[in-house]
Amino acid sequence: MSVTTHEILDDTDIAISHGRVAYLGIGGHTAEHCVGPDTRVVDATGLYAVPGLMDSHIHIESSMVGPSEYARAVVPHGTTGIYADPHEVANVRGLEGVRVMWEDAARTPLKTMLTTPSCVPAVLGVEDTGSSIDASQVAQTMTWDQTVALGEMMNFPGILSGEENATGEVAETLKADKVVTGHYVSPDDDRGLNAYISAGVSSCHESGTFDDVIAKLRMGMYAQLRQGSAWLNLPGYLPQLVESGIDTRLCLLCTDDSHPHTIVDDGHMDRVLRTAVSLGLDPVTAIQMCTINCATYFGVGQDMGSITPGKCADVVLMDDLKDFRARYVWIDGDLVARDGRALFEVEPFPWPDFMTHTMELGDTLTPQAFEFPVDRQDGRCKVRAMGITPGDTITHDIIVDVPVRDGKLQADGENDVLKVCVFDRHHGSAGTHSRGFAKGFGIHGALAQTVSHDAHNLLVMGDNDADMLLAAKTLEECGGGEVAVQDGRVLALVELPVCGLMSTERVEVVSRKVSAIEAAWRQMGCTLPSPFMTMGVMSLACVPELRLTNRGYVNCVSFKMESLLAE
């Protein structure tokens, strides 16, 4: 396949030498002159040769495994390169944590390219993280060999207001001649979007509608079209984009967050391609979006993105352009996967202690921590709650009526109103915790997880205090993860001892545990798609409208703190 000309070229020979494409035989020309006594010849008759697939925006930590295990999972699906933003680990353990992640990544053939975390914390002054990153540290990472860009600039309010550190990080990136990736969720597609792009941010994966996508494309911004485990955005705008006939050279594909069971059961970028084509996108155009368009944007088009002379020999042989199943995968000329199986192996990574001891809660987990005192003895009380949107990152600031008993606000499980607590897990007994409510999960019992974007504090949700306390204590003891509790019994548990975000087990094992906990969610009454991912952004203070951090409710439109009581 020629992604440079949007053609399917029949009977084409490809010669590879020293990890690069040495010759392309087109139009009756053959590579016979390249064959020597030690040449390995692969008969690819009936197969499609496409450039290695690349994910333009991914958080490895969302797969719940480390980089080397992630590589073993995705390379057999035709993924040869990823542009990874490790701001999850960075919020817990800073740039030293990032360095350790890339030590693990370097043990595999997958091209794991670093986009330096830009927002640690995501928004200043509204939450407490385990670490922080500033403009001077960003400048330091721009000298690292693995760095290709600045990670998603979620602090768009800081950019629009000229906040010193946010604009400084952008400036240091541009000085290094690298690109700034974005995260723009404001409804202002006029002055705000103009200013954000003018400041130097050149891509964005946070588009929810066709109007969002087209506004960014018209202003010269790359639109990263997302189809992850929970954020299923392609159906919302891709058919209109296809129908519009608009030039898609500034369109990229990404997953953003992919759960282990999504990768194991459905694939990675091959899954995104299948979805895109099922929605009407031409398959060659779809492949361009995760090959040449991606390489061009990140400034690596001289080396990657097409099967042409001089480029890295990152080549995938596929059966067809509908299912996109990879038969063979080469990276830098080495055969690294065949028929859905990785041909490389890695030993378990020796994670240092500072990466595996991150549950610093002190003595905060007491029964009283889950009580919501109020200045009345009994009756009802109007409170602010986070209303969720299934399959999307957006929440709504809603008012609900909850019971009051013995001077304390209660959950209202019959009306799907749950209590939510967020505990700072980075600063021991000196840390704070907050209280709020959520509507839309539909569960009876309690859930807790340490994957709570982006500070990754301990998030607990439930309809009764006893189950909430048990859930929180369970995660404290195992080093973090996610747990489902009902009637005083742990229904399912996924242990994530590395920064409270990643497992040390094989991705297939983690996938089975995630499947078990999702079955527990359903048993508890939840019908959401990928509910763990939805719960995980209840603290994400850079996406509208209302979030709960360890400091309390944050209005993510005005970026001001809000009260729990609505009366």
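**Exercise 1. Which residues in α7 meet which residues in α8?**

Before we start: this is a predicted model, where local features need pLDDT of at least 70, side-chain atom pairs count only at pLDDT 80 or more, and totals for chains, interfaces and linings use all residues. Residues are numbered from 1 along each chain as its sequence is written, and side-chain values use heavy atoms, with hydrogens and water left out.

*Solution.*
- Step one, find the elements: helices (H or I, at least four residues) and strands (E, at least two) are DSSP runs, numbered from the N terminus. Helix α7 covers residues 210–218 and helix α8 covers residues 234–244.
- Step two, list the contacts, meaning heavy atoms within 4.5 Å. On the α7 side you get Phe210, Val213 and Leu217, and they meet Gly236, Tyr237, Gln240, Leu241 and Ser244 in α8.
- Step three, get the geometry. Axes are lines fitted to C-alpha atoms, for helices over the stretch in contact, and angles run from 0 to 180 degrees between N-to-C directions. The axes of α7 and α8 are 8 Å apart, at an angle of about 55 degrees. That makes α7 oblique to α8; angles under 35 degrees count as roughly parallel, over 145 as roughly antiparallel, 65 to 115 as roughly perpendicular and the rest as oblique.

**Exercise 2. Work out the strand order of the eight-stranded open sheet, then say which strands stand at its edges.**

*Solution.*
- Step one, pair the strands: two of them pair if DSSP finds at least two bridges between them. Going across, the order reads β4-β5-β6-β7-β8-β9-β10-β11, with parallel pairing.
- Step two, look at the ends. β4 (53–58) and β11 (251–254) each have a single partner strand, so one side of each is left without a neighbour in the sheet.
- Step three, add the twist, which averages 30 degrees from one strand to the next.
- Step four, zoom in on one pair: β7 (residues 147–153) and β8 (residues 179–182) are parallel and share three bridges. Here alanine 149 sits opposite valine 179 in β8.

**Exercise 3. Describe the hairpin of β24 and β25, then hunt for odd backbone angles elsewhere.**

*Solution.*
- Step one, the strands: β24 (residues 481–486) and β25 (residues 489–495) run antiparallel, joined by six bridges. Glutamine 486 has arginine 489 in β25 as its bridge partner.
- Step two, the turn: two residues lie between the strands, and aspartate 487 takes a positive phi near 55 degrees.
- Step three, recall the background: most residues other than glycine have a negative phi, and most peptide bonds are trans.
- Step four, pick up other positive phi values. Cysteine 499, not a glycine, has a phi of about 60 degrees; this residue is in the loop between β25 and α15 (507–523). Phenylalanine 559 also isn't a glycine, and its phi is positive at about 55 degrees; look for it in the loop between β27 (552–555) and β28 (560–562).
- Step five, check for cis bonds. One joins valine 120 and proline 121, with omega about 0 degrees, and proline 121 is in the loop between β6 (111–116) and α3 (135–141). Another joins proline 544 and glutamate 545, also with omega about 0 degrees; glutamate 545 is in the loop between α16 (531–536) and β26 (546–549).

**Exercise 4. How many aromatic pairs does the structure hold? Take two apart.**

*Solution.*
- Step one, the count: there are eleven. Rings of Phe, Tyr and Trp (its six-membered ring) pair if their centres lie within 6.5 Å; planes under 30 degrees apart count as stacked, over 60 as edge-to-face and the rest as tilted.
- Step two, tyrosine 297 and phenylalanine 298: these are edge-to-face, 4.8 Å centre to centre with 70 degrees between the planes. Together with Tyr83 and Tyr222 they form one aromatic cluster.
- Step three, phenylalanine 372 and phenylalanine 437: the centres are 5.3 Å apart and the planes at 70 degrees, so this pair is edge-to-face. Phenylalanine 372 is in β16 (residues 372–373) and phenylalanine 437 in β21 (residues 433–439), 65 residues apart.
- Step four, a charge: lysine 419 lies over the face of phenylalanine 372, 4.4 Å from the ring centre. The test is NZ of Lys or CZ of Arg within 6 Å of the ring centre and within 35 degrees of the ring normal.

**Exercise 5. Is methionine 101 buried or exposed?**

*Solution.*
- Step one, place methionine 101: helix α2 (residues 87–105).
- Step two, apply the cut-offs: buried means under 20% relative accessible area, exposed over 50%, partly exposed in between (1.4 Å probe, protein chains only). At 0% relative accessibility, methionine 101 counts as buried.
- Step three, list its contacts beyond the neighbours within four places in sequence: Ile60, Glu61, Pro67, Pro86, Val89 and Met502.
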